[in-house]
Amino acid sequence: MKKFFIAVTALCLMLGGCGKVDNEESSSSKATAPYEDTDDDMDAAVDAVLAKADEDIGGEAEECKKNYDVLLYTNNSEITIGTDDSEIIFSAQVGTESSPETVELVDADSGEVVAELYDEADYVKYGDSLKGDGVYNCRYTVNTDIDTDPETSQEAYYHYYARFYDADGEHISDTVEIFVLEQFTDKELEDMQAVDDALQQLMSDDDFKNGTVDERKVIVTELLNKLADEGTEDRPYSLVIKDSIYAGDETLTFEYTCHISSGVMLKEFDPMMN
């Protein structure tokens, strides 16, 4: 996740997020790993999944193996349009007792088979570096054509699982999630700057500088509510999500309308605290 900070006079505006901030953790697993097609890495990944399953349901890990007899992971789970490659390597680790010819990659949202994974030692074509190790791979290009509003950055979530069949029936993996997002639009950047400018102007006033933390909290809250209700003279529309405004003991946090979080430190930074 991208993190960025902007200093404002003796105080700070603290910005944090990634495209969109505080996305709730999906119920599907984000199984992402550096691409290394080795037995040790695969065993460690399987052990981690089994340990998590054992912790979640309180059962024996050995009894959970049937739920995780295919382990699907990717070399990347987040794509920023215009910055990252939209091609992802999907890797499926199957049990040592199974040797299917191929493994299917299924779009979990539509049920459509979108690609086949192979254990063929063809890295250029499939992303597979070692034949016969039980790790099946494919290169798949994720749809990044999500731009529907030129003034608002868009995002999309895609979900996939691996599947194969043998004499014992169907074998599937858990679902992995791929997050696609656009970079901020010019309008979003200008709207955030308008909020920052208003806060900078407020914090340069003597009433703010000479105020207590509680007094500053009231002043900043009033300004943020105004920016949420009315915007500014040049931008007469909401620039802050009103329900996001929260006053803590020494900081006040909020979100811009593009869902990036920000905050104002109400107490001067003390260099002796470092």
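**Exercise 1. Start from one residue pair and work outwards to its sheet.**

Glu 87 stands opposite Thr 141 in β8. Keep in mind that this is a predicted model. Your task is to find which strands surround this pair and how they are arranged.

*Solution.*

Step 1. Look for the strand that holds Glu 87: β5 covers residues 87-94 and pairs with β8 in the antiparallel sense over seven bridges.

Step 2. Now widen the view. β5 and β8 belong to an open sheet of three strands, in the order β3-β5-β8, with antiparallel pairing.

Step 3. Find the edges. Strands β3 (70-74) and β8 (135-141) each pair on one side only, which makes them the edge strands.

Step 4. Add the twist: from one strand to the next it averages 20 degrees.

A helpful reminder for your notes: strands of a sheet pair through backbone hydrogen bonds, either parallel or antiparallel.

**Exercise 2. Classify the ring pairs around Tyr 160.**

Decide how the rings of Phe 90 and Tyr 140 are each placed relative to Tyr 160, using the cut-off that planes over 60 degrees apart count as edge-to-face.

*Solution.*

Step 1. Searching the whole structure gives six aromatic pairs. In one of them, Phe 90 and Tyr 160 lie 5.2 Å apart centre to centre with 65 degrees between the planes, an edge-to-face pair.

Step 2. Place these two residues in the chain. Phe 90 is in strand β5 and Tyr 160 in strand β9 (residues 155-166), so their pair ties together parts that are 70 residues apart in sequence.

Step 3. Turn to the other ring. Tyr 140 and Tyr 160 have ring centres 5.7 Å apart and planes at 70 degrees, so this pair is edge-to-face. It links Tyr 140 in strand β8 with Tyr 160 in strand β9, 20 residues apart.

Step 4. Put the rings together: Phe 90, Tyr 140 and Tyr 160 form one aromatic cluster.

Step 5. Check burial, where buried means under 20% relative accessible area. Tyr 140 has 18% relative accessibility, so the residue counts as buried. Tyr 160, with a relative accessible area of 2%, is buried. Phe 90 is buried as well.

**Exercise 3. Explore Asn 137.**

Is Asn 137 buried or exposed, and which side chain does its own side chain contact?

*Solution.*

Step 1. Locate the residue: Asn 137 is found in strand β8.

Step 2. Read its accessibility. The relative accessible area is 0%, so Asn 137 is buried.

Step 3. List contacts of the side chain. One is a polar contact with the side chain of Ser 91, at 2.5 Å. The side chain of Asn 137 also reaches the backbone oxygen of Val 135 at 3.4 Å.

**Exercise 4. Describe a hairpin.**

Which strands form a hairpin with five residues between them, and how many bridges join these strands?

*Solution.*

Step 1. The hairpin is made by β6 and β7.

Step 2. Strand β6 (residues 103-107) pairs with strand β7 (residues 113-117) in the antiparallel sense, over four bridges.

Step 3. Pick out a facing pair: Val 106 stands opposite Val 113 in β7.

Step 4. Inspect the turn, where Gly 111 has a positive phi of about 80 degrees.

**Exercise 5. Find charges over rings.**

Over which rings do Arg 139 and Arg 216 lie?

*Solution.*

Step 1. For Arg 139, the charged end sits over the ring of Tyr 123, 4.8 Å from the ring centre.

Step 2. For Arg 216, the answer is Phe 208: the arginine lies over the face of the ring, 5.1 Å from its centre.

Note on methods: Residues are numbered from 1 along each chain as its sequence is written. Side-chain values use heavy atoms; hydrogens and water are left out. Two strands pair if DSSP finds at least two bridges between them. Helices (H or I, at least four residues) and strands (E, at least two) are DSSP runs, numbered from the N terminus. Axes are lines fitted to C-alpha atoms, for helices over the stretch in contact, and angles run from 0 to 180 degrees between N-to-C directions. Rings of Phe, Tyr and Trp (its six-membered ring) pair if their centres lie within 6.5 Å; planes under 30 degrees apart count as stacked, over 60 as edge-to-face and the rest as tilted. Buried means under 20% relative accessible area, exposed over 50%, partly exposed in between (1.4 Å probe, protein chains only). A charge sits over a ring if NZ of Lys or CZ of Arg is within 6 Å of the ring centre and within 35 degrees of the ring normal. A polar contact is a pair of N or O atoms within 3.5 Å; within protein, one must be able to donate a hydrogen and the other to accept it, and residues adjacent in sequence count only if both atoms are side-chain atoms.
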